[in-house]
Amino acid sequence: MNSTASCDKPRPLFKKNKKIMAFMVKHMIGGQLKDLTGGLGEEKPEAEKSEAAAKGMTQEEFEEYQQQLAEEKLERDASFAQKKAERATIRSHFREKYRLPKSELDETQIQAADKDVELPTELAKMIAEDNQEEEHKQSVLGQLASIQNVDVDQLKDKAQATLEDLKQSAEKCEELHAHLNGSVSFETMEKLITRKPHLNIEHSMTAIRSGQRRTLDECFQVFKVIHQLVDSEEDVLMVAKAVIQEFAADGVKYLELRSTPREEPKTGLSKKGYIESVIEAIRQCKQEGADIDVRFLVAIDRRNGPEVAMETVKLAEDFMLSSDGVIVGLDLSGDPKFMLGLKKVGHGKDLLPALQRAKNCGLKLALHLSEVPSQKEETELLLDLPPDRIGHGTFLHPEVGGSDRLVDKVCKQNIPIELCLTSNIKGQTVPSYDKHHFQFWYERGHPCVLCTDDKGVFCTDLSQEYQLAASTFGLSQEAVWVLSQQAIQFSFAPEALKQQLKQKWAELRPHVLQEYSNSASVLNGSPLVDMV
């Protein structure tokens with residue numbers, strides 16, 4: 001599993017009594033200073049005497065009490081360090097078993113324990129059984145090598161590669177909300193920046209790193225910078241191929257990319273040429289053996305107004321008929337708060353004729369709805385179409401400024417919601433991972449699918465989004481599997497392809513769940529939210 005980014009939500013481990021902690025810090029520091037000076041000529045301050053008296057203690061009793069608190073804190077700290085070391089040991093075991101990269105954090109946590117790490121009985125037993133099984137395999141492979149001159153290392157490498165493939169497949173199936181330009185990786189961005197040094201663009205201008213936050217307005221400024229780098233057919237082709245290959249490397253088997261066709265007179269890029277370059281990238285990736293099926297959603301940028309929206313629909317309609325099934329739908333996106341002078345542009349009511357035409361001609365609709373709190377009226381209007389999927393839906397439910405009426409509409413029509421955890425946290429539309437609206441919809445059994453949104457800008461991948469959901473909301477391996485599997489039905493793939501994917505998942509399911517039931521629970525249970 002790739003691990004290119006980490007999440008940003010701290011997870012407190014204890015509820016602390018603030019008064020006791022402040023008291024302990026004050027007096028522990030004071031005690032250390034007295035140790036340094038030997039306490040020469042020091043008298044007890046009146047404040048300390050009165051504090052002891054206020055607790056109904058003599059000075060001697062008060063000092064014993066304070067020492068006891070300090071000792072208890074040391075015990076708690078040691079216990080906590082031991083537990084972290086235990087978890088780190090388990091994770092290290094499975095990383096070694098499945099030949100995953102080592103973690104410096106795990107090594108540090110193991111070394112931080114004051115004594116040898118003693119695992120709980122059940123976990124120790126599990127590791128012992130794994131080791132016995134590994135020894136047995138080594139023994140069998142050794143016999144085969146001596147009898148048949150088998151290349152053991154090569155055989156083991158193939159086996160481990162197969163297990164890694166299963167592991168990836170078990171945790172995600174489809175990526176249904178991925179903007180092309182927002183998904184450009186660091187490596188691809190490096191190539192673009194090198195090719196266009198005159199733009200004076202730095203990496204910090206194209207991505208939001210670990211621990212960083214940006215407003216939604218600032219996120220859209222990042223996309224403007226990226227558009228400067230991707231301004232020719234050659235750029236679009238290179239970027240699209242790289243993005244597809246990266247999703248495939250992450251174990252994604254079906255991908256729906258989306259992007260607004262742009263024209264750049266200085267390079268000769270036309271909107272038609274933009275879409276043709278994406279289609280060509282999809283064709284080349286398939287020809288080169290990429291294990292992923294890709295479809296494309298032509299995007300309407302709401303900021304461009306209703307006339308351009310209608311032109312975009314007509315373009316999408318033409319390509320839907322001529323692209324051999326690659327163009328399957330239409331996306332509505334763009335800055336929902338965009339102002340032209342003093343007038344807000346891109347309201348859903350102005351775009352409704354274009355969206356209705358797209359729906360009538362057979363294009364599926366994936367609409368960004370309720371990204372900001374002020375979109376209730378627009379959302380209600382667009383839900384009457386209705387869309388085939390909802391992007392984000394961050395402010396639909398009443399607890400965050402939406403309404404029961406909106407929730408009822410979404411539920412009655414059973415419209416799947418594309419949920420992008422890291423995107424919402426780094427874009428500051430959701431305050432923390434545990435406050436994400438994933439929980440609201442998931443607990444109601446409503447159709448939802450995990451997505452990356454912009455994996456390049458937000459430094460994530462689909463593996464991490466599933467890990468975050470599992471660790472934040474306590475999802476079992478079975479629940480993660482179901483979440484991944486049901487995404488097949490929510491896709492805009494043709495029915496024949498859906499059936500192929502369902503069959504593949506049905507065949508993999510018993511093997512994957514049996515092999516990874518123990519390892520996934522430990523790795524998914526690791527405190528990922530502490531690592532961002």
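Student: Hi! Which way does the crossing of H10 and H11 go, left-handed or right-handed?

Tutor: The crossing of H10 and H11 is right-handed. Keep in mind that we are looking at a predicted model.

Student: Okay, and at what angle do the axes of H10 and H11 cross?

Tutor: Helix H10 covers residues 271-287 and helix H11 covers residues 305-322, and their axes cross at roughly 40 degrees. The two axes come within 11 Å. That angle makes H10 oblique to H11.

Student: Which residues make the contact?

Tutor: On the H10 side they are Lys271, Lys272, Ile275, Glu276 and Ile279. H11 brings in Val308, Glu311, Leu315 and Phe319.

Student: How many of the residues in the contact of H10 with H11 are nonpolar, polar or charged?

Tutor: Five are nonpolar and four are charged, with no polar residues in that contact.

Student: Cool. What about H7 and H9, at what angle do they cross?

Tutor: The axes of helix H7, residues 186-195, and helix H9, residues 233-249, cross at roughly 165 degrees. They come within 10 Å. Angles over 145 degrees count as roughly antiparallel, and H7 and H9 are therefore roughly antiparallel to each other.

Student: Is the crossing of H7 and H9 left-handed or right-handed?

Tutor: The crossing of H7 and H9 is right-handed. From H7, the contact uses Thr188, Lys191, Leu192 and Arg195. From H9, it uses Glu234, Asp235, Met238, Val239, Ala242 and Glu246. In that contact of H7 with H9 there are five charged residues, four nonpolar and one polar.

Student: Let's zoom out. How many helices and strands does the chain have?

Tutor: There are 19 helices and ten strands in the chain. The chain has 532 residues, and buried residues make up 51% of them.

Student: What share of the contacts with a separation of 6 or more is between residues 24 or more positions apart?

Tutor: That share is 78%.

Student: And the inside? Which residues touch the most other members of the largest nonpolar core?

Tutor: They are Leu257, Ile292, Phe296, Ile327, Leu330, Leu355 and Leu475, in a core of 92 residues. Helix H8, residues 216-229, supplies the largest share of this core, with eight residues. Another core, of 15 residues, lies apart from it, and Trp481, Leu497, Leu501 and Leu508 are among its members.

Student: Why do nonpolar side chains get buried together?

Tutor: I can only give you the general trend: in soluble globular proteins, nonpolar side chains tend to be buried together.

Student: Back to Ile327. What is it in contact with, leaving aside its neighbours within four places in sequence?

Tutor: Ile327 is in contact with Ile275, Ile279, Phe296, Val298, Ala316, Phe319, Met320 and Leu363. You have met some of those names already: Ile275 and Ile279 of H10 and Phe319 of H11 are part of the contact between those helices.

Student: Nice link! Now the loops. Where does Asp324 lie?

Tutor: Asp324 lies in the loop between H11 and strand S4, residues 327-333. Its phi is near 55 degrees, a positive value in a residue other than glycine.

Student: Is Asp324 buried or exposed?

Tutor: Asp324 counts as exposed, because its relative accessibility is 77% and the cut-off for exposed is over 50%.

Student: And Cys459, buried or exposed?

Tutor: Cys459 is buried, at a relative accessible area of 13%. Cys459 is not a glycine either, and its phi is positive at about 55 degrees. You'll find Cys459 in the loop between strand S10, residues 448-450, and helix H17, residues 462-473.

Student: What about the glycines? Where is Gly251?

Tutor: Gly251 is in the loop between H9 and strand S2, residues 254-259. With 1% relative accessibility, Gly251 counts as buried. Its C-alpha atom is separated by 8.7 Å from that of Leu462, though the two residues are 211 apart along the chain.

Student: And what does Gly402 touch, not counting residues up to four places away in sequence?

Tutor: Gly402 touches Lys376, Phe395, Leu396 and His397. Gly402 lies in the loop between strand S8, 389-392, and helix H14, 404-413, and Gly402 is buried at 11% relative accessible area.

Student: Last one: which peptide bond is cis?

Tutor: The bond from Leu385 to Pro386 is cis, with omega near -10 degrees. Pro386 lies in the loop between helix H13, 376-383, and S8.

Definitions and conventions. Residues numbered from 1 in each chain as written. Predicted model: local features only at pLDDT ≥ 70, side-chain atom pairs only at ≥ 80, totals over all residues. Heavy atoms only, no water. Core = buried A, V, L, I, M, F, W, Y, C linked by side-chain atoms within 4.5 Å. Buried < 20%, exposed > 50% of the residue type's maximum accessible area, 1.4 Å probe, protein only. Helix = DSSP H or I, 4+ residues; strand = E, 2+ residues; numbered from the N terminus. Contact = heavy atoms within 4.5 Å. Axes fitted to C-alpha atoms, helices over the stretch in contact; angles between N-to-C directions. Parallel < 35°, antiparallel > 145°, perpendicular 65-115°, else oblique. Left-handed = near helix turned anticlockwise from the far one by under 90°. Nonpolar A, V, L, I, M, F, W, Y, C, P; charged D, E, K, R; others polar.
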